[in-house]
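Subject: Structure handover

Hi,

Here is the structure we talked about. Please open it alongside this note; my findings follow below.

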Amino acid sequence: VMQYNDVSHHILLHGGLNSENQAQDDCWYIDVNASSAMQSTSFTMEFEWKPCLPTANASLTPSARYGHGSVFFDATATLYVWGGFQSGPGVVYVLDDMWLFRDDTTNQRWEQVLATSTRPAGR
């Protein structure tokens, strides 16, 4: 999934499938306001991809997934990720968990969102 943070001007990328059809769990971003973001003479933009580097609970991250839903909430600079799919040997798992990523420029971090009621079935 990709989402835009209007506060930090980051374009965030999380998960998905790689060229070998394997689910990914990594998080990357582009700072569209960075001095390295330049327009070349061919009317294309050049950006530098940077890995998201959680500063708290760095080992607490969502599992590798693809086909997940997401939304970015500007007021709290938070990316919400829900569900999706995870592949195992000969099987595909449907996920029903929810995570949030705080895209604070000084304190990036993942947090799992736990349901206090019955949650929707994975999809």
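C27 and C52 are both buried. They are bonded to each other: the two cysteines form a disulfide, with 2.3 Å between their sulfur atoms. Bear in mind that this is a predicted model. A search of the whole structure turns up one disulfide. Its two ends come from distant parts of the chain, 25 residues apart. C27 sits in strand β3, while C52 is in the loop between β6 and β7. What is the handedness of the disulfide? The torsion about the S-S bond is about -50 degrees, so the C27-C52 disulfide is left-handed.

Next, the aromatic rings. How many aromatic pairs are there? The count comes to two. In one of them, the ring centres of Y66 and F85 are 5.8 Å apart. Their planes meet at 35 degrees, so this pair is tilted. Stacked would need under 30 degrees, and edge-to-face over 60. This pair also links distant parts of the chain, with the two positions 19 residues apart in numbering. Y66 is in the loop between β6 (49-51) and β7 (69-73). F85 belongs to strand β8, residues 78-88. Are the two partners buried or partly exposed? Y66 has 18% relative accessibility and counts as buried. The cut-off for buried is under 20%. F85, at 26%, counts as partly exposed.

F101 and W110 also pair. Their ring centres lie 4.9 Å apart. The planes are at 50 degrees, so this pair is tilted too. Here both residues are buried: F101 has 0% relative accessibility, and W110 has a relative accessible area of 3%.

Last, the surface. Which residues form a nonpolar patch there? They are M2, W28 and W49. Together they have about 310 Å² of accessible area. W28 lies in strand β3, which spans residues 23-31. That is the strand that holds C27 as well. W28 has 31% relative accessibility, so it counts as partly exposed. A patch residue needs over 30%, and W28 at 31% meets that. So strand β3 carries the buried C27 and the partly exposed W28.

When you go through the model, I would start with the C27-C52 disulfide. Then look at the Y66-F85 pair and the F101-W110 pair. Finish at the patch of M2, W28 and W49.

Best wishes

Key:
Residues are numbered from 1 along each chain as its sequence is written. This is a predicted model: local features need pLDDT of at least 70, side-chain atom pairs count only at pLDDT 80 or more; totals for chains, interfaces and linings use all residues. Side-chain values use heavy atoms; hydrogens and water are left out. Patches are made of residues with over 30% relative accessible area and no salt bridge: like charges are joined within 9 Å, nonpolar side chains (Val, Leu, Ile, Met, Phe, Trp, Tyr) within 5 Å. Accessible areas come from the Shrake-Rupley method with a 1.4 Å probe; for residues, only the protein chains shown count as cover. A salt bridge is a side-chain nitrogen of Lys or Arg within 4 Å of a carboxyl oxygen of Asp or Glu. Helices (H or I, at least four residues) and strands (E, at least two) are DSSP runs, numbered from the N terminus. Buried means under 20% relative accessible area, exposed over 50%, partly exposed in between (1.4 Å probe, protein chains only). Rings of Phe, Tyr and Trp (its six-membered ring) pair if their centres lie within 6.5 Å; planes under 30 degrees apart count as stacked, over 60 as edge-to-face and the rest as tilted. A disulfide is a pair of cysteine sulfur atoms within 2.5 Å.
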